[in-house]
Amino acid sequence: MKLRNLFSQKEEKKEEIYNTDIIPKEGIFYTENKEIGLGNIEIKLERLNRGEVFEWENMIVLNRAIGRHFITDEIKSVVNIGCGVATFEYNNASNHPEIQFIASEMDEKSTEWNKDNRPLDNVSYCTSSMDELLSGGKKYDMAVTIDVLEHVKEYKPFLEEFSKLSDYAVISTPNRERSITELSKPTYDHHVQEFNAGELYFILKMFYSDVKLYSLPNIYDEKIIKEVGIYSTYHNLIAVCRK
């Protein structure tokens, strides 16, 4: 009798572990968070009006780090999907005058702000879709999308199109396991889903033959970047992908 009770307790404990709400019931998609959209200039301007920063310092560092470490000498064209307020271009294009940067942002107000406030000779701002950017069989030497994937509800068709832009891509997203308190759902309202390192790696392997994950051990130091594994708990995930 006691032995039966002991086994029953173990089964109950097992059921409790596997049914815990810490693990989203629908995998990596969080139904609690509606898709609000990609980078919005109005949010940043409101922040500025309150006397706060226009752009978070760690995001500036992330964009600089990607440019510093992954723009290689042979690259002549870079396309950026979901460029927001052109943080990537503003912090990297002037260092590479020989490269043509195409910065696409579907939010028209952000694109107009970029044209008015961040004009650069080697940067073209647009609201073009990936399908439009691919017209005529066009391909680019490098494709980037920086902290956009977590805003996209249907990430599979997004990556299917994105992976056609270039044979070399850099994709960054915040690590879902950067904090144990953020496992149940994204704490930032504009994120519809988040990925841990393992999830991101195996998803991207469906589209690229070679995927390496990197991160910034210090989110405020662009000079130090480290290759990480699928169990990383560093804040950022930077996937460098090749066909």
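Which residues in α3 are buried? I took this as the starting point for my reading of the chain, which is a predicted model.

**Entry 1: helix α3.** I found that Asn-58, Ile-60, Val-61, Leu-62, Asn-63, Ala-65, Ile-66, Gly-67 and Phe-70 are the buried residues in α3. I then looked up the extent of the helix: α3 covers residues 57-70, which is 14 residues. From the first C-alpha of α3 to the last I read 20 Å, close to the 20 Å expected at 1.5 Å a residue. Next I asked what covers the buried residues of α3. The cover includes helix α4 and four strands, namely β4 (142-146), β5 (168-174), β6 (210-215) and β8 (236-242).

**Entry 2: strand β2 and its partners.** I turned to strand β2, residues 100-104, and noted that four of its five residues are buried. The strand is thus recorded here as mostly covered. I looked up its pairing on both sides. Strand β1 (residues 77-81) runs parallel to β2, and five bridges join the two. Within this pair, Val-79 has Ile-102 in β2 as its bridge partner. Strand β3 (residues 123-126) also pairs with β2 in the parallel sense, over four bridges. There I noted Phe-101 opposite Val-123 in β3. As a general remark, side chains in a regular strand alternate between the two faces of the sheet.

**Entry 3: crossovers.** I followed the path between these parallel strands. β1, helix α4 (residues 87-92) and β2 form a β-α-β unit, and its hand is right. Continuing along the chain, I found that β2, α5 and β3 also form a right-handed β-α-β unit. Strand β2 therefore belongs to both units by the listing of their members, β1-α4-β2 and β2-α5-β3.**Entry 4: helix α5 against helix α2.** I examined the packing of α5 (residues 108-117) with α2 (residues 41-49). The two helices pack at an angle of about 65 degrees, and their axes are 8 Å apart. On the α2 side I listed Ile-41, Glu-42 and Leu-45, which meet Lys-109, Ser-110 and Trp-113 in α5. By residue class, this contact divides into three nonpolar, one polar and two charged residues.

**Entry 5: the whole chain.** I closed with the totals. The secondary structure comes to eight helices and eight strands. Of the 243 residues in the chain, 48% are buried. I also looked up the sequence separation of the contacts: among those between residues at least 6 apart in sequence, 68% join residues at least 24 apart.

Terms used: Residues numbered from 1 in each chain as written. Predicted model: local features only at pLDDT ≥ 70, side-chain atom pairs only at ≥ 80, totals over all residues. Heavy atoms only, no water. Axes fitted to C-alpha atoms, helices over the stretch in contact; angles between N-to-C directions. Contact = heavy atoms within 4.5 Å. Nonpolar A, V, L, I, M, F, W, Y, C, P; charged D, E, K, R; others polar. Buried < 20%, exposed > 50% of the residue type's maximum accessible area, 1.4 Å probe, protein only. Pairing = 2+ DSSP bridges. Right-handed = clockwise from strand over helix to strand, strands pointing away. Expected span 1.5 Å × (residues − 1).
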